[in-house]
Amino acid sequence: MWSGPGGGRGRSRGAEAEPEVGERQGQQRTPPGEVTQGPASLHPPGGRAEAQTGAPAIDGQAQSLAALVAQAVAFHRQNPDPGNNNYGWDEGTALRRLETENCLYALSASELLRPGMTADARVLLGPRYYGPPNFSVHNHGLMANLQLARGSDLLAVPSWKTTAVRRMTSEAPQSFSARGLSYEQSSMYQGVNTTLWANAVPVLADTPGSEAAAATVDMLVGKARTAYQWLTEPDGVIVQVGDSDEIRGAATTLSTPRVLRDDQTGWAVGRWSWTDPQTVYYSLRYGPARRAHGQHDRAGGVTFTAAGVRVLVGPGRFSYDAADNYRAYQLSANSHNVALPDGGTVTSAGGKVTASVIQGPAHNWTVQDTMFGISHTRGVNVNRDTRTMKVSDSFPAKNLWRQYFHLDPAWTLVSAPPNGTKLTFAHPDGRRLGITTTGRLSGAVQGITRPPQGWHFPKWGNRVWAYEIVIRSYGRSSVTSFVVS
């Protein structure tokens, strides 16, 4: 597992990795990926469907609007609800269909839409609903409730809104921790959930008897917005943790740096400035088992940024297709900046912070976990003045483990002797990254396809080469340091 200076195609012990079907061989920095539309859950309720259905009405195209209505009606006539998730009758498809039908009804007032809207609402009101009592609180449940509330007003079916409001009132406190972090374990879905719950506030406020619930949700949204600022890196783009794309984050309204720590969701984020784009920034993951849009990073997974450049990054997200190898890689522990014991298997166990010291120039954390079913201790020290992150790992019950580290795609390899203890990388802006370790280098690879190794997913459906560094333990611990100069 080795890629020499300059990188190129991913290599395995000097042999060219087999290219995927349709992928050109050779020195291609960004292989062609299947760039696809991201999930519709990222679109605020009403926004996507309004864009699709609003134009005919605005332009006076009555025939086009009638054709859209007829298409929606025909779907239901030709594809009645089978009572399960087959043929487009899962909750996610039903809520988006109801969203579109709400817009069509608002524009056309066509009663032909009512039976189909009722059928879709029935899915969202029954056991397929993505929320309690059958499932954990999730953004899909909230999207469903927002569409049920709107459909209730349009069709004058009060029971839909009654159920939606009751659900939103009870589920809002279960959506965020006391510090405002979403339980969906994703920096991007932090923003998604914040926006969706902000949309719920006026629905509750306009419902007699729910004014207090609206105020409670508004308070939760305020905390969530603050947390989203912490998940925005100094370059203004969110840190990629969990299923997430490289998207613009939140403009800051904060002025006091240091640390956000949330043991309920398993996040620690540190920074030394809210205004200096060169400041040191890092994130640390621990806490409960994987949920929703989380990944297997809770064994002390880190990201690290210094001097205006991203150094250690999360994988991002490529796909939600369970059969996709890149989806499996995206979720896996080895696509994150964590340590894996030899022969270890991921369990549902989590981890916790057992010690921390937060000082002016440096932050130090100790995390213990059993994510692989055995005890593991990770130490993370971040120094502002030296622009250094030092990561130590130990597995008392194992003689061999490997640290996995993933660099931002911008870094290029300068030197990395096989079995060595020092590596050097260069950045296009002139920065250098020095890596030293008490372990031994097993490999530095990028762009391997079978199985995937050395990839980064900047956005949905897009993959680019990025160095994956594997360091095996030497002795009873391994300490690896990253210094930006």
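Reader: Which residue in β23 is the bridge partner of G434?
Author: The model is predicted. In it, β16 and β23 pair in the antiparallel sense. They do so over 5 bridges. Across from G434, the bridge partner in β23 is V483.

Reader: Which residues form the covered face of strand β16?
Author: Strand β16 spans residues 432-437. Its uncovered face holds R432, G434 and T436. The covered face is L433, I435 and T437.

Reader: Which residue stands opposite A426 in β16?
Author: β15 and β16 run antiparallel. The two are joined by 5 bridges. Opposite A426 stands R432.

Reader: In the hairpin of β15 and β16, which residue takes a positive phi?
Author: This hairpin has 5 residues between the strands. One residue there has a phi near 100°. That residue is G430.

Reader: What is the bridge partner of L413 in β15?
Author: β14 pairs with strand β15, residues 422-426. The sense is antiparallel, over 3 bridges. In β15, L413 is matched by F425.

Reader: Which are the edge strands of the open sheet of 8 strands?
Author: The order of this sheet is β9-β10-β11-β12-β23-β16-β15-β14, with antiparallel pairing. Neighbouring strands are turned by 20° against each other on average, direction ignored. An edge strand pairs on one side only. Here those are β9 (351-358) and β14 (412-415).

Reader: Is V479 buried, partly exposed or exposed?
Author: V479 lies in strand β23, residues 478-484. Its relative accessible area is 24%. Buried means under 20%, and exposed means over 50%. The value falls in between, so V479 is partly exposed.

Reader: What separates the C-alpha atoms of V479 and V391?
Author: Along the chain, V479 and V391 are 88 residues apart. V391 is among the contacts of V479 beyond its neighbours within four places in sequence. The others are K390, S392, T436, T437 and T438. The C-alpha atoms of V479 and V391 are separated by 5.6 Å.

Reader: Why is one side of β8 and of β17 left without a neighbour in the sheet?
Author: These strands belong to an open sheet of 4 strands, in the order β8-β13-β22-β17. The pairing is antiparallel, and the twist averages 20° from one strand to the next. β8 (339-341) and β17 (440-445) stand at the edges. One side is free because each has a single partner strand.

Reader: Which residue in β22 stands opposite V445?
Author: β17 pairs with strand β22, residues 468-472. The pairing is antiparallel, over 5 bridges. Opposite V445 stands E468.

Reader: Is α5 roughly parallel or roughly antiparallel to α6?
Author: Helix α5 covers residues 139-155, and helix α6 covers residues 158-171. Their axes are 8 Å apart, and the packing angle is about 150°. An angle over 145 degrees counts as roughly antiparallel. So α5 is, relative to α6, roughly antiparallel.

Reader: How many nonpolar residues has the contact of α5 with α6?
Author: α5 passes α6 in a left-handed crossing. From α5 the contact includes L142, L146 and L148, and from α6 it includes P158, W160 and M168. There are 3 polar and 4 charged residues. The nonpolar count is 9.

Reader: What percentage of residues in the protein is buried?
Author: The protein has 9 helices and 23 strands. Among contacts with a separation of 6 or more, 63% join residues 24 or more positions apart. Of the 485 residues, the buried part is 54%.

Methods
Residues numbered from 1 in each chain as written. Predicted model: local features only at pLDDT ≥ 70, side-chain atom pairs only at ≥ 80, totals over all residues. Heavy atoms only, no water. Axes fitted to C-alpha atoms, helices over the stretch in contact; angles between N-to-C directions. Parallel < 35°, antiparallel > 145°, perpendicular 65-115°, else oblique. Left-handed = near helix turned anticlockwise from the far one by under 90°. Contact = heavy atoms within 4.5 Å. Nonpolar A, V, L, I, M, F, W, Y, C, P; charged D, E, K, R; others polar. Pairing = 2+ DSSP bridges. Buried < 20%, exposed > 50% of the residue type's maximum accessible area, 1.4 Å probe, protein only.
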